[in-house]
Amino acid sequence: MNDFQDWARSQQQRIEARLHQLLPAPDIAPQRLHQAMRYAVLGAGKRVRPLLAFAAGELARARPERVAIAAAAVELIHAYSLAHDDMPCMDDDVLRRGKPTCHVEYDEATALLAGDALQSLAFQLLGEYRLTSDPAVQLDMVKLLAAAAGSRGMAGGQAIDLEAVGKALTVPELEFMHIHKTGALIRAAALLGARCGDGLDGKQLAQLDHYAKYIGLAFQVVDDVLDAEAPTATLGKTAGKDAQHNKPTYVSALGIAESKTFAEELRRDALAALDGFGEDALRLRQLADFIVLRKF
Ligand code: GRG
């Protein structure tokens, strides 16, 4: 695990430095918007999606500087989703990554625009930088991220989530919601990282996609358990909000103990999806463990 922690720390530093360079400078007009964009992205966050992109990139023998752009694009979409999700019209939260949410630190209009501009910047990066030697693959990568972020991916999952407040969802209904809301971007992170290289054939990419589907779901199950169990100080975001807002979660559907068992099953399924990859998939295996065993 220590070896994993060292690897994760170095990838987190790599993505932090790259995001720092890629985001518009805070003293360039419109300064307040650029400052809000940087506020929403820099300085904290587990960077799980970039870690996945780097781990998948290692498996596909991709050049890390190319993976860093794909990873940055995914993280920008993620940061936009958090800034918008925290706004009063959605989850209405005041704490994110241990600091005031973007609209609290700035204002609602600025947070809305910052999220919009982060999403645009993500796609600008995919258009601006060479990520693979085959332009057709690069176009596929743009389409992949767009689909993952859009109405049949993350944004659609968020719409289902908002409609579900106050309702009791079945486990399959929860799964449908989370495969979209959280899972789509996690899958995109892994696939984009891999597609920066040319080391995987179609069957292997499908295996990676299965792995990412399982850990995406596991990520959400663990998120629900942590929301119910972990303190706000550890999470860096308001704990206990799901129950407080009467949101259907794995904890409300299954209880805490069964949710933990389910997360463990998903971890095993994710690891099984990597069968045949050998040592090259070490980081992906370690990430599955990290996602399920994490405490924040
Ligand atoms: C607003 C279009 C739109 C979508 C929002 C992702 C999302 C959809 C909302 C976030 C709400 C939430 C708490 C979802 C649960 C899982 C999740 C995405 C948690 C936050 O991701 P982490 O734990 O956050 O990777 P850090 O801060 O570590 O990056």
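These legends walk through a few views of a predicted model of one protein chain.

**View 1. The whole protein chain, built from 15 helices and two strands.** Welcome to the overall picture. The C-alpha trace spans about 50 × 50 × 35 Å along its principal axes. A compact globule of 296 residues would have a radius of gyration near 19 Å, and the protein chain, at 18 Å, agrees with that.

**View 2. Inside and outside of the protein chain.** Of the 296 residues, 52% are buried. The surface that the protein chain exposes comes to about 12900 Å², with carbon and sulfur atoms supplying 54% of it. Charges can be looked up here too: the mean positions of the 33 positive and 39 negative charges are 3 Å apart. Contacts tell us how the chain folds back on itself: among those between residues at least 6 apart in sequence, 72% join residues at least 24 apart.

**View 3. Phe4 and Phe290, a tilted aromatic pair.** The protein chain has four aromatic pairs. In the one formed by Phe4 and Phe290, the ring centres are 5.9 Å apart and the planes make an angle of 45°. Which helices does this pair link? Phe4 belongs to helix α1 (residues 2–22) and Phe290 to helix α15 (residues 282–293), so that distant parts of the chain, 286 residues apart, are joined. Are the two residues buried or exposed? Phe4 counts as buried because its relative accessibility is 3%, under the 20% cut-off. Phe290 is buried as well, since its relative accessible area of 15% is also under 20%.

**View 4. An aromatic cluster of Phe4, Trp7 and Phe290.** Here the pair from the previous view has company: Trp7 joins Phe4 and Phe290 in one aromatic cluster.

**View 5. Tyr39 and Tyr106, an edge-to-face aromatic pair.** A pair of aromatic rings is described by the distance of the centres and the angle of the planes. For Tyr39 and Tyr106 these values are 5.5 Å and 75°. Tyr39 lies in helix α2 (residues 31–41), while Tyr106 sits in the loop between α5 (102–105) and α6 (108–128), so the pair ties together parts that are 67 residues apart in sequence. With a relative accessible area of 16%, Tyr39 is buried. Tyr106, at 17% relative accessibility, counts as buried too.

Definitions and conventions: Residues numbered from 1 in each chain as written. Predicted model: local features only at pLDDT ≥ 70, side-chain atom pairs only at ≥ 80, totals over all residues. Heavy atoms only, no water. Helix = DSSP H or I, 4+ residues; strand = E, 2+ residues; numbered from the N terminus. Rg over C-alpha atoms; globule rule 2.2 N^0.38 Å. Buried < 20%, exposed > 50% of the residue type's maximum accessible area, 1.4 Å probe, protein only. Contact = heavy atoms within 4.5 Å. Areas by Shrake-Rupley, 256 points an atom, 1.4 Å probe, with all protein chains shown as cover. Lys, Arg positive; Asp, Glu negative; His and termini not counted. Charge placed at Lys NZ, Arg CZ, Asp CG, Glu CD. Phe/Tyr/Trp six-rings, centres within 6.5 Å; stacked < 30°, edge-to-face > 60°.
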